[in-house]
Each structure stands twice: as structure tokens, then as C-alpha cells.
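User: I should like to learn how pockets, helix packing and cavities are read from a structural model. Please take me through them in turn.

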Amino acid sequence: MKIPGFKNTNIYIAGKGICKTSLIVEDGKIKDIGNAKENLIELEDQFIVVPGFIDKHIHGANGADFMNPTPEDIEKIVSSICKEGTTSCLATTMTQSKEKIIQSLQNIAKYIERKPTGVEILGVHLEGPFISPNHAGAQPKEFIIPCDMQVFEEFNQAAAHTIKQVTIAYEENGKDFTKEVTKQGVLISLGHTDCTYDLTVEAISQGASSISHMFNAMREFHHRDGGIIGAAFLHNELNCELICDLIHVSSPVIQILHKNKPKEKICLITDSMEAKWMPDGVYHLGGQKVIVKDNEARLEDGTLAGSTLKMNEAIHNFMNATGISFTEAIDYATLHPAQCLHIEDRKGSIEIGKDADLVVIDKDFTVYMTICRGEVVYSKL
């Protein structure tokens with residue numbers, strides 16, 4: 001269902017805050033703000049219209065994974081994450097055999113080419129196989145390889161050149177790789193890495209601009225070598241992803257990051273796996289058994305294996321941990337990832353000319369309606 005827009009409704013307008021105003025949608029875009037017309041929807045005072053959430057690091061949900069090579073799996077994922085207010089995302093792969101990664105990338109590329117309505121797949125986040133075996137996390141070690149430009153080109157060709165972000169361990173042959181990949185406009189994110197402080201600074205000089213799930217699966221901070229974490233605090237070229245489920249990162253550490261990084265350099269992600277929107281039980285990630293209980297997803301050895309975090313919950317947790325305002329918290333899942341991915345010209349805030357990616361929520365971040373490019377894809381109003 002196409003939505004004409006809203007009138008006399010609380011709307012979070014970029015640069016102005018929450019305003020009681022009107023918004024007109026035409027052809028999937030925000031056509032006008034402030035001028036009402038007939039047939040617009042008027043919402044009750046408890047509801048607020050905010051920009052759609054952008055999840056640049058998500059593996060799966062609803063019993064499906066982006067590594068699965070069928071369009072039905074992607075449909076399962078997008079049909080569920082819209083219920084948490086996500087309107088666009090990067091389909092995130094993981095370390096597996098080259099053949100399985102290529103099958104996944106071909107499937108994602110075909111889905112993107114169809115340009116379906118609903119949650120927009122902005123491209124691919126290639127997480128692995130170019131990572132460190134010393135910080136594999138839940139990534140299968142047997143498929144890890146050093147950075148390899150030829151292999152990346154095979155992957156990008158399979159993905160029809162839709163790869164937008166690559167997570168790498170820079171110390172694993174990453175210098176020339178980082179330089180060449182960034183020349184193609186692809187974001188290099190440091191993660192699953194044993195990078196020292198000096199190597200991280202070198203990676204920045206070659207074009208690295210992001211850190212995947214800050215604090216998790218990386219060299220720990222040490223007072224004689226601050227490592228990648230110390231470099232992230234001192235070098236604002238690096239944008240930090242954060243899994244704000246209060247399991248991967250504690251509330252005090254969330255506060256430390258918030259206090260010491262420019263706010264626009266932090267992006268909330270879910271890093272969710274197939275168990276999101278599913279009951280507790282046994283699931284799989286990269287061929288590995290994952291046990292999900294009480295919102296925690298772990299391998300049999302206890303290693304965290306992604307999350308079951310929903311994006312609206314992540315924003316709520318971040319606001320409570322840091323004490324920031326409602327609208328500031330929204331920016332960490334909307335404007336900041338849009339800026340990181342260089343798509344702020346069309347997403348991330350409610351402004352005339354941008355995509356009509358909108359979410360209706362209340363002050364508790366409960367999602368009541370999700371609109372993707374002018375189409376209502378979820379509603380319980």
C-alpha cells in the first residue's frame with residue numbers, strides 16, 4: 001500500500017527536532033514538508049514519525065541467513081526486520097568456502113537487480129574470509145584466507161559489483177588490498193583482527209575507514225600497545241559499529257565509546273543471525289551449531305555467534321546507556337550509517353527529496369508502522 005503522507009503529526013524533521021507538521025510522499029520520495037493536503041494520515045499524539053533504520057551489518061533473521069542461496073531466504077529476512085523499523089541494510093556474508101560465498105553473492109545480486117518493494121538491500125557487506133584466525137569469533141577457521149585481490153574480484157563479479165563494505169584483518173596481507181579496494185569506492189572495515197596500534201594507523205593511511213563490531217573479535221587494549229581499540233579512540237577517520245544488546249558490550253563501555261568518539265562516528269548495528277524473530281532453540285551459523293537462550297546466541301564452546309538483537313531495541317539500549325535524547329539516539333541508526341555509507345543524499349533523515357523511508361514509533365521505540373520508499377510494508381495501527 002502506498003502512503004500519501006501524514007498531517008498534524010509528530011515528525012522528526014532533520015535540523016529541527018520533533019515537529020507537529022505535515023509530510024507529503026510522492027513516487028517513493030518525500031515531496032513536501034509543512035503543507036497539508038487531502039487524504040493525509042493524522043496520527044495520535046503518542047506516535048512519532050522518524051527516518052527508517054539502516055542496518056549495515058546483519059547476517060539473518062526469521063530462520064534465514066544471507067549465506068543461504070535462495071531468494072526465499074532473503075524474503076524471510078526482509079519480511080521480519082521491517083517489524084523492527086529497518087528499511088534498508090547491507091546483506092552480510094561470512095567466512096565459508098569460496099563456492100558458498102559466490103553462490104550467496106549471486107543470489108543477493110539477483111535480488112537487488114529485481115528492485116523489489118520492501119526493505120532495500122543497499123549492497124553486500126563481505127565479512128570474511130579475509131580475517132585473522134586469532135580472532136575468528138564464530139567464523140569457521142578452516143575457510144579463513146589472507147587478503148587476496150584476485151579472490152575479491154571474483155566475489156565482486158559474482159555480486160554484480162554490489163559489494164559496499166569488506167571486513168578484513170589488515171595484518172593479513174591487507175596493505176595493497178586496502179588501497180585497491182578503497183579505490184573502487186568500497187568501504188574497508190577492520191574487524192576480526194590482531195592489528196597493533198601502528199598497523200591500524202597504517203591501515204587508515206591506506207583508506208580504512210571503519211571498525212566492525214567495535215570491541216568484539218579484535219586485539220584487546222593494552223597500556224603498552226593500544227591496538228585497534230586505542231587507535232579508534234584517537235583517530236576519528238574510523239567509524240565504529242556497535243552491537244548494543246548489552247551482551248556483546250557492557251553499558252559502561254558503551255558510555256566510554258560515546259564519550260570519546262564524535263557522535264557521527266558511531267553506528268548501531270544488529271549483527272543478527274537466523275534466530276532473530278525466532279524462539280529459543282538450536283540454530284546454525286556457517287555450518288556451526290548455535291544455541292540460543294535468553295537472547296544470547298553462542299556456539300557450543302560458548303563463543304558469541306552474532307545476536308538476536310532488533311534495531312529498535314538497540315536504539316533504546318543506547319539511549320538508556322548514554323542518557324542522550326530520543327532524537328539523538330535515532331541518529332545512531334539512521335543519519336550516522338547513511339553518512340558512513342555515503343548515501344546521506346537519499347537516506348538517513350526526513351528531508352525533501354530523500355527516500356520516503358519512515359517508521360512510526362512511540363517514546364518506548366515500539367514499532368507501529370514501517371514505510372519503505374513510500375510503501376507500507378508493516379503496520380499494526
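Analyst: Please bear in mind that this model is predicted. We may begin with the largest pocket, which has 22 lining residues. Those nearest its centre are Leu187, Gln339, Cys340, Leu341 and His342.

User: Which elements give two or more residues to the lining of the largest pocket?

Analyst: They are β11 (187-190) and α10 (335-340). The most is given by α10, which supplies three residues.

User: What is the volume of the largest pocket, and how do the residues of its lining divide by class?

Analyst: The volume is about 440 Å³. The lining comprises nine polar, eight nonpolar and five charged residues.

User: How should the second largest pocket be described in the same terms?

Analyst: Its volume is about 310 Å³. The second largest pocket is lined by 19 residues, and Gly137, Ala138, His192, Ala217 and Leu304 are the closest to its centre. Its lining has ten polar, seven nonpolar and two charged residues.

User: Let us turn to helix packing. What describes two packed helices?

Analyst: The general description uses two quantities, the angle between the helix axes and the distance between those axes. In this structure, helix α7 (residues 251-260) and helix α8 (residues 311-322) have axes that come within 9 Å and cross at roughly 80°.

User: Why is α7 described as roughly perpendicular to α8?

Analyst: Angles of 65 to 115 degrees count as roughly perpendicular. The axes of α7 and α8 cross at roughly 80°, and therefore α7 is roughly perpendicular to α8.

User: Which residues make the contact?

Analyst: From α7, the contact involves Ser251, Ile254, Gln255 and His258. From α8, the participants are Phe318, Ala321 and Thr322. By class, the contact of α7 with α8 has four polar residues, three nonpolar and no charged.

User: How many cavities of 30 Å³ or more does the structure hold?

Analyst: The structure holds one. The largest cavity has a volume of about 40 Å³.

User: Which residues line the largest cavity, and how do they divide by class?

Analyst: The lining is formed by Pro51, Gly52 and Ile54, together with Thr87 and Ser88, then Lys347, Gly348 and Ser349, and lastly Asp355 and Asp357. Of the residues in this lining, five are polar, three charged and two nonpolar. In assigning these classes, Gly counts as polar; Gly52 and Gly348 are among the residues that line the cavity.

Terms used
Residues are numbered from 1 along each chain as its sequence is written. This is a predicted model: local features need pLDDT of at least 70, side-chain atom pairs count only at pLDDT 80 or more; totals for chains, interfaces and linings use all residues. Side-chain values use heavy atoms; hydrogens and water are left out. On a 1 Å grid over the protein atoms alone, a cavity is a set of points where a 1.4 Å probe fits but cannot get out, and a pocket is an open set with protein on both sides within 12 Å along at least five of seven lines; lining residues have an atom within 4 Å of a point. Grid points are joined across faces, edges and corners, and a volume is the space filled by probe spheres set on the points. Helices (H or I, at least four residues) and strands (E, at least two) are DSSP runs, numbered from the N terminus. Axes are lines fitted to C-alpha atoms, for helices over the stretch in contact, and angles run from 0 to 180 degrees between N-to-C directions. Angles under 35 degrees count as roughly parallel, over 145 as roughly antiparallel, 65 to 115 as roughly perpendicular and the rest as oblique. Contact means heavy atoms within 4.5 Å.
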